[in-house]
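Here is a structure to explore with a few questions. Take a look at the chain first, then see how many you can work out.

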Amino acid sequence: SHIIRILTETVYSATTRTRTKAMLSHLIMWCVTKGLINPDENRVDWRLINSLTPECTSTEQHHASIAISDIPRLVRMAMEIAVSDSENLRKRQTALALVLTILTAQRVGNYLETDGQQVGTEESSWYSHWKDVDLDARVWTIPPQCLKISRTTGNRVVRPLRIPLATETIDILLRIRNLWEGIGIALDDESFVVPRIDEFSRPHKSNALRALIHELHEADLANSNSGFFDPDNKTKIATTHGM
């Protein structure tokens with residue numbers, strides 16, 4: 001009855017309700033492991049709870065996407081930056097990371113440092129390293145601890161994410177390695193796939209990709225093109241997650 005009351009009050013966001021249910025489930029499991037709840041006497045029937053909880057009234061929101069027809073133009077603009085002779089290595093690497101994300105259709109949080117995250121010894125395992133990339137087998141295997149589901153639920157039993165590498169994807173990965181070799185640093189197995197330019201012991205920042213998309217959007221508009229708006233919402237600019 002307590003759980004039904006809590007979830008019933010959460011009607012404004014389906015995402016918030018889902019997260020609340022996950023937190024409650026973990027709390028119950030913690031209480032069982034600590035001996036505070038007898039599982040034989042306190043069973044939680046989630047099917048019953050779901051049937052007695054009113055539906056959320058919110059409209060599902062998605063991250064801003066990009067029209068398929070606009071992707072080639074975005075990639076072309078990003079690659080112009082990536083292959084330029086600019087001394088701004090951070091921007092060139094950001095452009096490569098953007099194209100890498102598009103080609104592999106993965107969350108940037110799998111290999112780039114997320115906003116507000118402080119990377120210590122333990123957190124470094126949250127981001128993919130070069131040992132996960134097999135260029136010969138043409139597969140990038142993202143370990144379970146790098147995946148969002150592992151970090152949000154604590155479930156380490158999930159399968160790794162295996163990403164097949166197209167020829168173009170391998171080219172981008174090699175360009176990242178060559179960029180670092182150009183400044184005298186060879187990326188080894190323990191290096192992050194995309195290290196941070198000003199702090200090698202941390203991965204590149206994910207918000208740099210968002211900033212670059214906005215910059216390319218403004219440049220595209222200035223060039224008399226349509227920019228990179230979400231095709232379903234012309235007030236929102238495309239995001240990597242939406243891609």
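**Rings, strands, helices and charges**

Q: Is Tyr111 buried or exposed?
A: The labels go by relative accessible area: under 20% is buried, over 50% is exposed, and in between is partly exposed (1.4 Å probe, protein chains only). Tyr111 comes in at 0% relative accessibility, so it counts as buried.

Q: What pLDDT do local features need here?
A: Residues are numbered from 1 along each chain as its sequence is written, and side-chain values use heavy atoms, with hydrogens and water left out. This is a predicted model, where totals for chains, interfaces and linings use all residues, side-chain atom pairs count only at pLDDT 80 or more, and local features need at least 70.

Q: How many aromatic pairs are there?
A: Rings of Phe, Tyr and Trp (its six-membered ring) pair if their centres lie within 6.5 Å; planes under 30 degrees apart are stacked, over 60 edge-to-face, and the rest tilted. By that rule, the aromatic pairs come to 2.

Q: Which residue pairs with Tyr111 in an edge-to-face aromatic pair?
A: The two ring centres are 5.5 Å apart and the planes make an angle of 70 degrees, which fits edge-to-face. Tyr111 sits in the loop between H5 and E1, and its partner is 29 residues away in strand E2. Helices (H or I, at least four residues) and strands (E, at least two) are DSSP runs, numbered from the N terminus. At 0% relative accessibility the partner is buried too, and its name is Trp140.

Q: Which residue forms an aromatic pair with Trp180?
A: This pair is edge-to-face as well, at 5.2 Å centre to centre and 70 degrees between the planes. Trp180 is in helix H7 and its partner in strand E5, so the pair ties together parts 20 residues apart in sequence. Trp180 is buried at 1%, whereas the partner is partly exposed at 35%: that's Phe200.

Q: Over how many bridges do E2 and strand E3 pair?
A: Two strands pair if DSSP finds at least two bridges between them. E2 (residues 139-142) pairs with E1 (residues 133-134) in the antiparallel sense over 2 bridges. With E3 (residues 161-164), E2 is also antiparallel, and Ile142 stands opposite Leu161. The E2 and E3 bridge count is 4.

Q: Which helices do the buried residues of H4 pack against?
A: Helix H4 covers residues 71-82. Its buried residues include Arg73, Leu74 and Met77. They pack against H5, H7 and H8.

Q: Which residue meets Asp220 in a salt bridge?
A: A salt bridge is a side-chain nitrogen of Lys or Arg within 4 Å of a carboxyl oxygen of Asp or Glu. Here N and O are 2.9 Å apart. Asp220 is in helix H8 and the partner is in helix H4, 147 residues apart. Both are buried, and the partner is Arg73.

Q: Which residue forms a salt bridge with Lys131?
A: The closest N and O atoms are 3.5 Å apart. Lys131 lies in the loop between H5 and E1 and the partner in the loop between H7 and strand E4, so the pair ties together parts 59 residues apart in sequence. Lys131 is partly exposed at 48%, while the partner is exposed at 52%: meet Glu190.

Notes. Expected span 1.5 Å × (residues − 1). Contact = heavy atoms within 4.5 Å.
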